[in-house]
Amino acid sequence: MFSIAVGRLVPDDAPAGWVGSAFVISGEYALTARHVLCLPSGSGASGGQPAATGRLFFADTTTPFELEDHDVDLDVALLRITLPPVNLRSIPLGALRFHTDDSVLAVGWPLVRPSSGDLDHVRAVVDSPDATIFGGVPTLKLHSPEAAAGKALQGLSGGPVLFRTSADVGTGPGFAVGIVRWNPPRPDGTALGGAFYATPVDAVTKRWPDLLRCVPPRRNLPSTSKIEQFLADQLGTAVDHRPFGGRGAELSRLDAWLRSADGPPCMLVTAPSGAGKSTLLARWWQQLANTPSDEEASLFVPISARYDIGGADAVLQAAVARLALLHDEDPMATQAASVDRLRERLADYLALPAPHQGQLVLVLDGLDECLGWGVSKTLLRPTSFGSGVHVAVSARLTGQRPDAKAWRDALGWSSGNTESLPLLPLTEDGVGAALRTLEPPLDETTQDQARPILHQVTQGDALVLGLYLQELQDASDRPAWLADLEHLPAPYGLDGYMQRWWAGQELLWEGPIASKGARVGQLYSLLACALGPIRRLDLLWIAKRFELSGGDELTAALSDLGRWVIADSAKTTPDTTYALSHPRLAEHRRGELARDGELSTYDEAYLSWGRTTLQAVQQGPEAARAAHTYPVRFYGAHLERAHASAAELFTLVGADWGAAWEFATEEFQGHLGDVRRAFRAAEAENDDAIASGRMATRLPEQIACQVAMVDASVNAALITPGLVAQLRHHDLWTDRQALAYVQSLTSPYERGHALRLVAPELSRAANEHVAVLCTALQEESEPEAVVEAMVGYVLHLAGTGQVDRALAVLPTLPYEFQQAHVAAALELARVLKSDTRTHLVRTLFAIAASEPPARALGIVRSMPGQAVPARRPRRGTPRTPGQRSARRVDQG
């Protein structure tokens, strides 16, 4: 169980058997439910006066408390403690946004008198993140299958509701996002229907803003949104349920490997494409993240071109930043590091012992999808791992590496330090287990009917089973759907699924829309031959070569492809990106194109696009600004797939191509991937020449590539927010480049400070981008960062002729960011005309009147043209500090 400071609360003079929990949030304070403090003479959650003193009992110690404050409506009490429990960690607060079906853990003490090991927990999911009870009081409505099955919740009142997101890093339970307050009881003390309620932490911090210091800053770790999207697509969401089953033995084996005292430090999961490696590891990571133990830390980093996490810099940055934060180091320290330096830092962190003398597992999914780089024997060295450190990887079996031994050899791992887990096709029982997870569920008779049918048509293929199960889950008439599938002729597997799908679509496309099938096929082929996500704007451009002439046709074709395509946004914009949902779909389509002699047509279309783009950007910076994103990002990868020579790849090393990367993408140093490709090609040609007794003619290219990589690292280290602001001011950088720099900063404060300097230099077109960045900082609960960002935002609005919008934005800030309201208003007052300034000054006076004296005086003295003389109070009755503050405000 967690070594966290959750105690059993006993008020002074409480009767025997009094039940309740509380948790420590700092060296001074603890939180509980108010009704836990109200002794029997009271009348429940809103009746009676709470006890003023009492004790918190932990497993091995006790701590006295005094009631600091309480809130009847929220049913929360703030306790002051004098002796924080030793060797137990305070629980950080997290004012996070929730989604229906997010997993949480409620922790507290059971009914019986505490003794070692009595701290208990109940798993639950968020049923409604915006529920209200008792006349509109905000609450989290939770549902626990364990409670619905009869587990008693009495004793959990006042305990924390714990939550971890896919971006959270570290050991322990994550964040306290709620305080258990009430469950509608049955006579036996269990929850009616498994439902119970918690007061959300964001309501608590609004009630007591000083508690915001117990909310740690949220880090904008590299690739967080991409990893979250990857996990959502693997695990499903509240509105997109993903059936999963049949891998219980594999999950148990992964657990046993991690927890074995003398087991090997490395786990290698191998299988052909589509066997379910990513889903297995994502599900296992989810189990680890939700396991109530602070002795295990788990980090998940997928390698996936589909989600734009395939390059060496993206993958290594994601892993190194998370490991740095896990070890209480600055994740920004390697922000501008070269790939070689990131490799060194990865090795350094893996050589450290796991935190808290426990277990650490780094999960790297999809080593076969490394884009423009490859695994090496120095990437992950198990002989150098620290105590308790484990690494689990998955890799697709290929012609070059057809078995686990070939992958071990590539990694430099031995059979002695590696446990191999091959994923075999699902058995009929495994198919049945997956069927039982459908939502809504099948009745037992239909399950028994479906199991052999699906096993036959899928041949136990996990990818194909997933495609069929999604169809079955959405079918309006499930028995009819199964009856149709039962008569499906061979071939089976993915070939059979595709033939069945195309046959069904052709029935829909008969008559005047018969040509639609050809357009859908062309789009499918284009996506299959792409080497990464492609923007809608770019997809429209290349689709014109294949008779897909407009946005409406593209939208219709994407709709027909349905679940085969993933988009990075539910909203369709020119920047929305698309990719096939699984690499095996691309392999299958490319196989069909090769069989029909069409593959070279599509591959050449991408290569030609890249050549044309390169020739254009060599003409000058204006052409670089106009370049499409896809060919800039992936031309090098297409050349590499076409086995281009070192001379061809070296054309991408020049400064003009680097400038195109800066203008067309949102990545710093992105062009270094192309530089490394050229270096590897030159190195390979030199090695071949030396081996055959010839002179190595590519040494100049190798040296030039090395120089380019060193120059890029030096330049990145020299870039500051002030420099970026000047580059934008003089039109040497675009809005997009400047915003990309701001977004690349990991620390919330650094991002906020950069926005303060950069936002005033941006054009009006950047409005929404700046607003999104400001909102993200508010969600990270970093008040100082919000202050900086909001100053930059309102100056940006004012400078682009949007004063009314600037004035309208400020009152919408939540109360906890009033400091940002004040700072932004003061800056606006300094730059605006007198009539608008008067309105702002009145607003500031109103804010100052509600502030403590010192703060109020500071606000008034900061106003433009204001001078507040120090005056003696009139003789007579002494005034309170608040009265003195109000008088000074009036005088100002």
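# A guided visit, contact by contact

Visitor: In β12, which residue is the bridge partner of Val-180?
Guide: This is a predicted model, so we read the pairing from computed coordinates. Strand β12 covers residues 195-200, and four bridges join it to β11 in an antiparallel run. In β12, Val-180 finds its bridge partner in Ala-198.

Visitor: And which residue in β11 is the bridge partner of Pro-160?
Guide: Here we turn to strand β10, residues 160-163, which pairs with β11 in the antiparallel sense over four bridges. Within β11, the bridge partner of Pro-160 is Ile-179.

Visitor: How many of the eight residues of strand β11 are buried?
Guide: Strand β11 spans residues 175-182 and is mostly covered. Of its eight residues, the number buried is seven.

Visitor: Let's step back. What percentage of the residues of the protein chain count as buried?
Guide: The secondary structure of the protein chain comes to 35 helices and 22 strands. A residue counts as buried when its relative accessible area is under 20%. Among the 892 residues of the chain, the share that passes this test is 54%.

Visitor: What part of the exposed area do carbon and sulfur atoms supply?
Guide: The protein chain exposes about 38400 Å². Of that area, carbon and sulfur atoms supply 51%.

Visitor: Among contacts between residues at least 6 apart in sequence, what percentage join residues at least 24 apart?
Guide: We set aside contacts between residues that are less than 6 apart in sequence. Of the contacts in the protein chain that remain, the part joining residues at least 24 apart is 69%.

Visitor: Now for the rings. Is the aromatic pair of Trp-501 and Trp-564 stacked, edge-to-face or tilted?
Guide: The model has 20 aromatic pairs. In this one the ring centres are 4.3 Å apart and the planes are at 40 degrees. Planes under 30 degrees apart would count as stacked and over 60 as edge-to-face. The pair of Trp-501 and Trp-564 is therefore tilted.

Visitor: How many residues apart are Trp-501 and Trp-564?
Guide: Trp-501 and Trp-564 are both buried. Trp-501 belongs to helix α14 (residues 493-508), while Trp-564 lies in the loop between α17 (551-561) and β21 (565-567). The pair thus links distant parts of the chain, with a separation of 63 residues.

Visitor: Why do the rings of Trp-609 and Tyr-630 count as a pair, and what kind is it?
Guide: Ring centres must lie within 6.5 Å to make a pair, and here they are 5.9 Å apart. Planes under 30 degrees apart count as stacked. The planes of Trp-609 and Tyr-630 are at 20 degrees, so the pair is stacked.

Visitor: In which helix is Tyr-630?
Guide: Tyr-630 is buried, with a relative accessible area of 2%, and Trp-609 is buried with a relative accessible area of 2%. Trp-609 is in helix α19 (residues 599-617). Tyr-630, 21 residues apart from Trp-609, is in helix α21.

Visitor: Which residue has Arg-401 over the face of its ring?
Guide: One charge over a ring is Arg-345, over the face of Tyr-349 at 4.5 Å from the ring centre. For Arg-401, the distance to the ring centre is 4.7 Å, and the residue beneath is Trp-407.

Visitor: With which residue does Arg-535 form a salt bridge?
Guide: The structure holds 39 salt bridges. In the one made by Arg-535, the closest N and O atoms are 3.6 Å apart. Both partners are buried; Arg-535 is joined by Asp-538.

Visitor: Is Glu-640 buried, partly exposed or exposed?
Guide: Glu-640 forms a salt bridge with Arg-677, with the closest N and O atoms 3.2 Å apart. The pair connects helix α21 with helix α24 (residues 672-691), 37 residues apart. Arg-677 is buried, with a relative accessible area of 5%. Glu-640 has a relative accessible area of 30%, which makes it partly exposed.

Visitor: In which helix is Arg-805?
Guide: Glu-768 and Arg-805 meet in a salt bridge of 2.9 Å, N to O. Glu-768 is partly exposed at 48% relative accessibility, and Arg-805 is partly exposed at 31%. Glu-768 lies in helix α29 (residues 767-779), so the pair ties together parts 37 residues apart in sequence, with Arg-805 in helix α31.

Note on methods
Residues are numbered from 1 along each chain as its sequence is written. This is a predicted model: local features need pLDDT of at least 70, side-chain atom pairs count only at pLDDT 80 or more; totals for chains, interfaces and linings use all residues. Side-chain values use heavy atoms; hydrogens and water are left out. Rings of Phe, Tyr and Trp (its six-membered ring) pair if their centres lie within 6.5 Å; planes under 30 degrees apart count as stacked, over 60 as edge-to-face and the rest as tilted. Helices (H or I, at least four residues) and strands (E, at least two) are DSSP runs, numbered from the N terminus. Buried means under 20% relative accessible area, exposed over 50%, partly exposed in between (1.4 Å probe, protein chains only). A charge sits over a ring if NZ of Lys or CZ of Arg is within 6 Å of the ring centre and within 35 degrees of the ring normal. A salt bridge is a side-chain nitrogen of Lys or Arg within 4 Å of a carboxyl oxygen of Asp or Glu. Contact means heavy atoms within 4.5 Å. Accessible areas come from the Shrake-Rupley method with a 1.4 Å probe; for residues, only the protein chains shown count as cover. Two strands pair if DSSP finds at least two bridges between them.
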